[in-house]
Amino acid sequence: ITIRVPTPLVDPGGEPINLVSPASPSFTQAGMRLREARQALRDRTPEDAVQACRKVLEIIGELDPPATQAEIKKVTDTKLRDARQRWSALYWDLHSLTSAASHEDEVARGFNWSRQDADAVLAATAGLLGRAMQGR
């Protein structure tokens, strides 16, 4: 399965991006982080891949904000949620899942990230990034 995310992802102005301390989130940063995740999979470090995906999700959340979790929960019957609410629910669930790779609390310690887990997270993250870019 291939997920197409057009690269290089370039932001208006073409200014160099400081990944350590970025001034503001950008699609360029997201593309670089996505490539980091892919490289981590190649290096057989699935937890690092999931952590990089979490960073991509943070950028997506700022550039193409999803509906809030409170807004989603207002519609308790999931069959009645509109498209934005459903895509936002996917975003928040993936955000929650990837959080475990960056924390050391009791619950997160129970996660053991496999290659297949990281593949699924990377595919979902790339798909959401592709969707976010549509609205540019």
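**Exercise 1. Find the heart of the fold.** Which residues have the most contacts inside the largest nonpolar core, and how many residues does that core have?

*Solution.* Start with the core itself: in this predicted model, the largest nonpolar core has 27 residues, and Ile60 and Leu129 are those with the most contacts inside it. Next, see who contributes. Helices α1 (27–42), α2 (46–63), α4 (83–99) and α5 (115–134) each supply at least two residues of this core. Then zoom in on Ile60. Setting aside residues up to four places away in sequence, Ile60 touches Pro65, Tyr91, Thr125, Leu128, Leu129 and Ala132. For background, nonpolar side chains tend to be buried together in soluble globular proteins.

**Exercise 2. Take stock of the whole chain.** How many helices and how many strands does the protein have, and what share of its residues count as buried?

*Solution.* Count elements first: there are five helices and zero strands. Reading from the N terminus on, you get α-α-α-α-α. Now for burial: 39% of the 136 residues count as buried. Last, look at how the contacts span the chain. Take the contacts between residues at least 6 apart in sequence, and 62% of them join residues at least 24 apart.

**Exercise 3. Describe how α2 packs on α5.** At what angle do α2 and α5 pack, and how far apart are their axes?

*Solution.* Get the geometry first: the angle is about 20°, and the axes of α2 and α5 are 9 Å apart. The cut-off for roughly parallel is under 35 degrees, so α2 and α5 are roughly parallel to each other. The crossing of this pair is left-handed. Now list who meets whom. On the α2 side you'll find Pro46, Ala49, Val50, Cys53, Val56, Leu57 and Ile60; they meet Arg115, Ala118, Val121, Leu122, Thr125, Leu128, Leu129 and Ala132 in α5. Sort the residues of that contact by type and you end up with 13 nonpolar, one polar and one charged.

**Exercise 4. Do the same for α2 and α4.** Which residues of α2 and α4 make the contact?

*Solution.* Again, geometry first: α2 and α4 pack at about 145°, with their axes 9 Å apart. α2 passes α4 in a left-handed crossing. The α2 side of the contact is Val50, Arg54, Leu57, Glu58, Ile60 and Gly61, while α4 brings Tyr91, Leu94, His95, Thr98 and Ser99. By type, the residues of this contact split into five nonpolar, four polar and two charged.

**Exercise 5. Check an unusual backbone angle.** Is the phi of Arg44 positive or negative, and is Arg44 buried or exposed?

*Solution.* Recall the usual case: most residues other than glycine have a negative phi. Arg44 is not a glycine, yet its phi is positive, at about 65°. Then place the residue: Arg44 sits in the loop between α1 and α2. Finally, Arg44 has 74% relative accessibility, so it counts as exposed.

**Exercise 6. Place two residues, Arg86 and Gln69.** Which helix holds Arg86, and which one holds Gln69?

*Solution.* Arg86 belongs to helix α4. With 43% relative accessibility, Arg86 counts as partly exposed. Leaving aside neighbours within four places in sequence, Arg86 contacts Thr78, Lys79, Leu80 and Arg81. The C-alpha atoms of Arg86 and Ala67 are separated by 9.1 Å, with their positions 19 residues apart along the chain.

Turn to Gln69, which is in helix α3 (residues 69–74). Its relative accessible area is 38%, so Gln69 is partly exposed. From Gln69 to Asp93, 24 residues apart along the chain, the C-alpha separation is 9.9 Å.

Terms used
Residues numbered from 1 in each chain as written. Predicted model: local features only at pLDDT ≥ 70, side-chain atom pairs only at ≥ 80, totals over all residues. Heavy atoms only, no water. Core = buried A, V, L, I, M, F, W, Y, C linked by side-chain atoms within 4.5 Å. Buried < 20%, exposed > 50% of the residue type's maximum accessible area, 1.4 Å probe, protein only. Helix = DSSP H or I, 4+ residues; strand = E, 2+ residues; numbered from the N terminus. Contact = heavy atoms within 4.5 Å. Axes fitted to C-alpha atoms, helices over the stretch in contact; angles between N-to-C directions. Parallel < 35°, antiparallel > 145°, perpendicular 65-115°, else oblique. Left-handed = near helix turned anticlockwise from the far one by under 90°. Nonpolar A, V, L, I, M, F, W, Y, C, P; charged D, E, K, R; others polar.
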